[in-house]
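Work through these short exercises with the structure in view. Try each task before reading its solution.

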Amino acid sequence: MFIGLSNSYNNLEKSEKNKNNILNIDEQKLNLLNFVQPFNAQLISSSIGQGDEVLLRYLYKGNNILVILNSKTKKIRSIITIKKGSQFGVN
């Protein structure tokens with residue numbers, strides 16, 4: 001029984017060391033991005049596209065707003081406002 005407990009403890013130590021190594025690797029790969037939005041904007045969805053672009057869809061002042069930003073350069077590429085109309089068009 002003592003040998004079994006000893007082996008379990010050794011396996012637990014190895015597991016904790018592996019877990020700490022994984023956390024350190026993950027922290028090094030993080031690319032932090034702080035995005036500021038208006039207080040009354042409600043985030044509806046977000047997705048990651050090609051070329052490190054992030055698409056954020058908001059409901060803001062009764063309109064659907066799409067924000068496309070580049071996560072590498074940390075700059076907004078486009079802000080698209082989708083409004084209701086009788087047909088499709090671009091203004």
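**Exercise 1.** Find which residues make the nonpolar surface patch of about 270 Å².

Solution. Phe-35, Ile-76 and Ile-79 make the patch. Patch members have over 30% relative accessible area and no salt bridge, and nonpolar side chains (Val, Leu, Ile, Met, Phe, Trp, Tyr) are joined within 5 Å. Areas come from the Shrake-Rupley method with a 1.4 Å probe, counting only the protein chains shown as cover for residues. A salt bridge puts a side-chain nitrogen of Lys or Arg within 4 Å of a carboxyl oxygen of Asp or Glu.

The model is predicted: local features need pLDDT of at least 70 and side-chain atom pairs 80 or more, while totals for chains, interfaces and linings use all residues. Residues are numbered from 1 along each chain as its sequence is written, and side-chain values use heavy atoms, without hydrogens and water.

**Exercise 2.** Place Ile-76 and find how strand 4 pairs with strand 3.

Solution. Ile-76 is in strand 4, residues 75-82. Strands are DSSP runs (E, at least two residues), numbered from the N terminus. Strand 3, residues 63-70, runs antiparallel to strand 4, with 7 bridges; pairing takes at least two DSSP bridges. Val-67 stands opposite Ile-79. The two strands form a hairpin with 4 residues between them. In the turn, Lys-74 has a positive phi of about 55 degrees.

**Exercise 3.** Decide whether Asn-70 is buried or exposed, and name its contacts beyond four places in sequence.

Solution. Asn-70 is in strand 3. Asn-70 counts as buried because its relative accessibility is 19%, and buried means under 20%. Its contacts (heavy atoms within 4.5 Å) are Gly-51, Asp-52, Glu-53 and Lys-75.

Key: Patch = residues over 30% accessible without salt bridge, like charges linked within 9 Å, V, L, I, M, F, W, Y side chains within 5 Å. Buried < 20%, exposed > 50% of the residue type's maximum accessible area, 1.4 Å probe, protein only.
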